[in-house]
Amino acid sequence: MQELINRAKELLESGEVARVLGWKAGDLPYNPEPAYFEKAEDLKDFVYNGFCGANLSKYMIEASKLEGKTMVCLKPCDTYSFNQLIKEHRVDRDKAYIVGVGCKGKLDIEKAKKLGIKGIESVSGAEMSDACDTLTFQTIYGEKSCAYADAMLERCHVCKGKDHMIYDEIIGESRDTKDAERFAEVEMIEAMSPAEKFAFFQEELSKCIRCNACRNVCPACSCRKCVFDSTKFDSAQKANVDSFEEKMFHVIRAFHVAGRCTDCGECSRVCPQGIRLHLFNRKYIKDINELYGEFQAGADAEARGPLTNFTFDDCEPSIVAERG
Amino acid sequence: MSIETNEFRPKIVAFCCNWCSYAGADLAGSSRLAYPADVKIIRVPCSCRVNPMFILRAFEKGADGVILCGCHPGDCHYTTGNYYARRRMTLLFSMLDYIGVENGRTRVEWVSAAEGVKFSQTMNEFVEKIHSLGKNVRLGDLRCKN
Ligand code: SF4
Ligand code: SF4
Ligand code: SF4
Ligand code: FES
């Protein structure tokens, strides 16, 4: 982390960048938040550790409109989002100085809490320089610990890899964290009967409070006017409670990002209700891969997205019934 | 009103593109080819005009089945609209299947302006299919039900 701060200082002092976009400590030991730093002395608050899950690429939409360059810290998965934003003309590549930061997997404090670790006062073992094997918590009930991997975000278990897709320089080490298949859950659902599928999603989605956090955080959801803010759209407010509206919201939200979703995992990370939004995104991704050829959004900033493209011999929609 | 029967009459929404399928429906009509009155046609400029919301909204408002008809691939009035529609609908139908909506409730069929017979056949078949699936209870807004 010190290396990162030193470099940020250098860039700020030389005037090469006007601001640094990174994370600062939050009010709890495990919730650092995205922050801008405009002066070298402010960097004392800068943090980068295992809790810095937030993908900063979306902030670059606004930062692209500011005077001068912004140094932005992007984790490997965040760089996919940044590429996608370049492709969609949302960010200005020339306004960004991208520091690709290493990543050893990011943490989900809820998982630690589920392991019975509560009343947390401080955490150690989550710094960039740590081995990131074990986490040690000082809690009001005494010292507790758990394996780093047991408290990792779902997305880090299915990580796309630790290579940065776009960067100006790279700081910090990474570590392979992939230990699961990303379509495993989707396949499990696909194998259910229609009635089971319906019951599964009914239960999952009835938890949704329509807070829109999943949309707001999503780098692919950057429309200035969103369909879900329309007063003509029934599910604009939760007051119109009906099971159908949840489904409509989720099917449409995921559809709007189909072919553009990089599977960055932010939506699932921020959902206060723990809804696994990736179950929708990955279904579209899986179908796209199977029907139109492997595609990874954000792997580059040029390739034409699968839904803004076609071939003359694409399959017919009846394939859905045919393949059973 | 006639005596109430409990027989299920499905509500079918058919989105038909203006240039081929709507004309095909017209031809079916003027050729006196029968298709069930349960099919309500909504004319759209091109099959590509139909976004997933249209389909879901139709279900929300009480449709039991939704069918999209457009020009045959290669014949779209706007050259390529139906190719995009084809990908979109494939993904949407697959998603509906994934969340547990019976996949026979949605369909895409390419019908040209000369295919009055195909239009009437398709509609007859589709109505029959929906009839066998029964009422759509998995999608639909309770407030829109009577
Ligand atoms: S973040 Fe979760 S609760 Fe909020 S709208 Fe999205 S799915 Fe619903
Ligand atoms: S839908 Fe979720 S996983 Fe996909 S780009 Fe948006 S936030 Fe990331
Ligand atoms: S949900 Fe759709 S309309 Fe809303 S921001 Fe995302 S892509 Fe845009
Ligand atoms: S005009 Fe008929 S499908 Fe495009």
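1. Contact here means heavy atoms within 4.5 Å. With that cut-off, B:Ser120 is in contact with B:Ala28, B:Leu33, B:Ala34 and B:Tyr35, once its neighbours within four places in sequence are left aside. B:Ser120 sits in helix α4 of chain B. Its relative accessible area is 8%, so B:Ser120 counts as buried. Keep in mind throughout that this is a predicted model.

2. B:Tyr35, one of those contacts of B:Ser120, also has a ring partner. B:Tyr35 and B:Phe119 make an edge-to-face aromatic pair, with 5.2 Å centre to centre and 80° between the planes. B:Tyr35 comes from the loop between α1 (21–30) and β2 (39–44) of chain B, while B:Phe119 belongs to helix α4 (residues 116–133) of chain B, so the pair ties together parts 84 residues apart in sequence. How exposed are the two partners? B:Tyr35 is partly exposed, at 27% relative accessible area, whereas B:Phe119 is buried, at 0%.

3. While you are in that part of chain B, have a look at B:Arg32. B:Arg32 lies in the loop between α1 and β2 of chain B. Its phi is positive, about 60°, although B:Arg32 is not a glycine. With a relative accessible area of 77%, B:Arg32 is exposed.

4. Chain A has a residue to set beside it. A:Asp263 is not a glycine either, yet has a positive phi of about 65°. A:Asp263 is in the loop between α9 and α10 (266–270) of chain A. Is A:Asp263 buried or exposed? At 6% relative accessibility, A:Asp263 is buried. A:Asp263 is also one of the residues surrounding ligand 2.

5. On to the ligands, beginning with that one. The residues around ligand 2 include A:Cys218, A:Cys261, A:Cys264 and A:Cys267, along with A:Arg253, A:Glu266 and A:Asn281. By class, the shell around ligand 2 divides into six nonpolar, three polar and three charged residues.

6. Ligand 3 has A:Cys221, A:Cys223, A:Cys226, A:Val227, A:Phe228, A:His256 and A:Arg260 around it. That shell breaks down into five nonpolar residues, one polar and one charged.

7. Which residues come nearest to ligand 1? Of the 14 around it, they are A:Cys208, A:Cys211, A:Asn212, A:Cys214 and A:Cys271. Helices α8 (213–217) and α9 of chain A are the elements giving two or more residues to this shell. The class split for ligand 1 is ten nonpolar, three polar and one charged.

8. Back to the rings. Over all chains, the count comes to 14 aromatic pairs. One of them joins A:Phe255 and A:Tyr284 edge-to-face, at 5.5 Å centre to centre and 85° between the planes. A:Phe255 lies in helix α9 (residues 243–256) and A:Tyr284 in helix α11 (residues 278–292), both of chain A, so this pair ties together parts that are 29 residues apart in sequence. A:Phe255 and A:Tyr284 are both buried. Ring pairs also reach across the two chains: A:Phe200, A:Phe201, A:Phe280 and B:Tyr98 are linked into a cluster.

9. A:Tyr284 turns up again in the packing. In the largest nonpolar core, which has 57 residues, A:Tyr284, B:Leu92 and B:Ile99 touch the most other members. Not counting residues up to four places away in sequence, A:Tyr284 touches A:Val251, A:Ala254, A:Phe255 and A:Ala258 in chain A, plus B:Leu91, B:Leu92 and B:Met95 in chain B. Another core, of 38 residues, lies apart from it, and A:Leu11, A:Ala54, A:Ala96 and A:Ile166 are among its members.

10. There are two charge-over-ring cases to check in chain A. A:Lys160 is over the face of A:Tyr80, at 4.9 Å from the ring centre. A:Arg210 is over the face of A:Phe249, at 3.9 Å from the ring centre.

11. Last, a charged residue tucked away from the surface. A:Glu204 is part of helix α7 (residues 194–205) of chain A. Why does A:Glu204 count as buried? Its relative accessible area is 7%, and buried means under 20%. Outside its neighbours within four places in sequence, A:Glu204 is in contact with A:Gly274, A:Ile275 and A:Arg276.

Key. Residues are numbered from 1 along each chain as its sequence is written. Chains are lettered from A and ligands numbered from 1 in the order in which they are written. This is a predicted model: local features need pLDDT of at least 70, side-chain atom pairs count only at pLDDT 80 or more; totals for chains, interfaces and linings use all residues. Side-chain values use heavy atoms; hydrogens and water are left out. A residue is near a molecule or strand if one of its heavy atoms lies within 4 Å of it. Ala, Val, Leu, Ile, Met, Phe, Trp, Tyr, Cys and Pro count as nonpolar, Asp, Glu, Lys and Arg as charged, and the others, Gly among them, as polar. Rings of Phe, Tyr and Trp (its six-membered ring) pair if their centres lie within 6.5 Å; planes under 30 degrees apart count as stacked, over 60 as edge-to-face and the rest as tilted. Helices (H or I, at least four residues) and strands (E, at least two) are DSSP runs, numbered from the N terminus. Buried means under 20% relative accessible area, exposed over 50%, partly exposed in between (1.4 Å probe, protein chains only). A charge sits over a ring if NZ of Lys or CZ of Arg is within 6 Å of the ring centre and within 35 degrees of the ring normal. A nonpolar core is a set of buried Ala, Val, Leu, Ile, Met, Phe, Trp, Tyr and Cys residues joined through side-chain atoms within 4.5 Å.
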